[in-house]
Amino acid sequence: MRRFVRAAQDAGSELRFIACVPVVFDVESASALDAFPGLVLPAGFMQGIAGAPDPRRAGIDAAIALAEELLEIDGVDGIDLSGGSGPGGELAFAEAVAEVADGITGVAA
């Protein structure tokens, strides 16, 4: 993301960017990410969640950390919390997204 934003700025863009952050909190939400073409995640992102004793907590913590990292990039002005759930998991997904949003520091509500 940093390289993309820098290249856009170097080419004269004055746009502000919204970075996508996946919210993965279980196997179903990880599977939902397969629907996103061209998805590129930081090295070890999914493995760290899948291998954690508490994948839900690990996924929420990973999303918060990635969001905060992306918000530090000059030109990134917001975050799109992305992902989904399996059938019947919509409420659990919404709760996980809310927990990620609440956990992001330095962002005005």
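Helix H5 covers residues 90–103 of this predicted model. At 1.5 Å a residue, its 14 residues should span 20 Å, and the end C-alpha atoms are 20 Å apart, which agrees. Phe93, Ala96, Val97 and Val100 of H5 are buried. These four lie on the same side of H5, because they cover an arc of only 100° around the axis.

**Helix H5 and its surroundings**

- An α-helix has 3.6 residues a turn, so residues three or four places apart point the same way.
- The buried residues of H5 pack against helix H4 (55–71) and strand S2 (76–82).
- On the face of H5 turned away from its buried side are the exposed residues Leu91 and Asp102.
- Ala94 also belongs to helix H5; with a relative accessible area of 41%, Ala94 is partly exposed, because that value falls between the 20% limit for buried and the 50% limit for exposed.
- Ala94 and Gly59 are 35 residues apart along the chain, and their C-alpha atoms are separated by 14 Å.

**Helix H4**

- H4 has 17 residues, which at 1.5 Å a residue should span 24 Å; the end C-alpha atoms of H4 are 24 Å apart, in agreement.
- The buried residues in H4 are Ala58, Gly59, Ile60, Ala62, Ala63, Ile64, Leu66, Ala67 and Leu70.
- Packing partners of the buried H4 residues are S1, H3, S2 and H5.

**The largest nonpolar core**

- The largest nonpolar core holds 26 residues, of which Val21, Val23, Val24, Phe45, Leu70, Val76 and Val100 touch the most other members.
- Two or more residues of this core come from each of helix H1 (2–10), strand S1 (17–22), helix H3 (45–50), H4 and H5.
- H4 supplies the largest share of this core, at seven residues.
- Val100, one of the H5 residues that are buried, touches Val23, Ile60, Ala63, Ile64 and Leu81, when residues up to four places away in sequence are not counted.

**The largest pocket**

- The largest pocket contains about 600 Å³ of space.
- Its lining is made of 20 residues, and the closest to the pocket centre are Met1, Cys20, Val40, Leu41 and Leu70.
- H1, S1 and H4 are the elements that give two or more residues to the lining of the largest pocket.
- S1 gives the most to that lining, with four residues.
- Leu70 appears in both settings: Leu70 is among the core residues that touch the most other members, and Leu70 is among the lining residues closest to the pocket centre.

**Two serines: Ser82 and Ser85**

- Ser82 is located in strand S2, and Ser82 counts as buried because its relative accessible area of 10% is under 20%.
- Apart from neighbours within four places in sequence, Ser82 is in contact with Cys20, Val21, Pro22, Val23, Phe36 and Phe93.
- Ser85 sits in the loop between S2 and H5, and Ser85 is partly exposed, with a relative accessible area of 23%.
- Contacts of Ser85, again leaving aside neighbours within four places in sequence, are Phe25, Glu28, Ser29, Ala32, Glu90 and Phe93.
- Phe93 of H5 is listed among the contacts of Ser82 and among those of Ser85.
- Ser85 and Asp10 are 75 residues apart in sequence, and their C-alpha atoms are 38 Å apart in space.

How values were computed: Residues are numbered from 1 along each chain as its sequence is written. This is a predicted model: local features need pLDDT of at least 70, side-chain atom pairs count only at pLDDT 80 or more; totals for chains, interfaces and linings use all residues. Side-chain values use heavy atoms; hydrogens and water are left out. The expected span of a helix is 1.5 Å times one less than its number of residues. Buried means under 20% relative accessible area, exposed over 50%, partly exposed in between (1.4 Å probe, protein chains only). The arc is that of the directions from the helix axis to the C-beta atoms. Contact means heavy atoms within 4.5 Å. A nonpolar core is a set of buried Ala, Val, Leu, Ile, Met, Phe, Trp, Tyr and Cys residues joined through side-chain atoms within 4.5 Å. On a 1 Å grid over the protein atoms alone, a cavity is a set of points where a 1.4 Å probe fits but cannot get out, and a pocket is an open set with protein on both sides within 12 Å along at least five of seven lines; lining residues have an atom within 4 Å of a point. Grid points are joined across faces, edges and corners, and a volume is the space filled by probe spheres set on the points.
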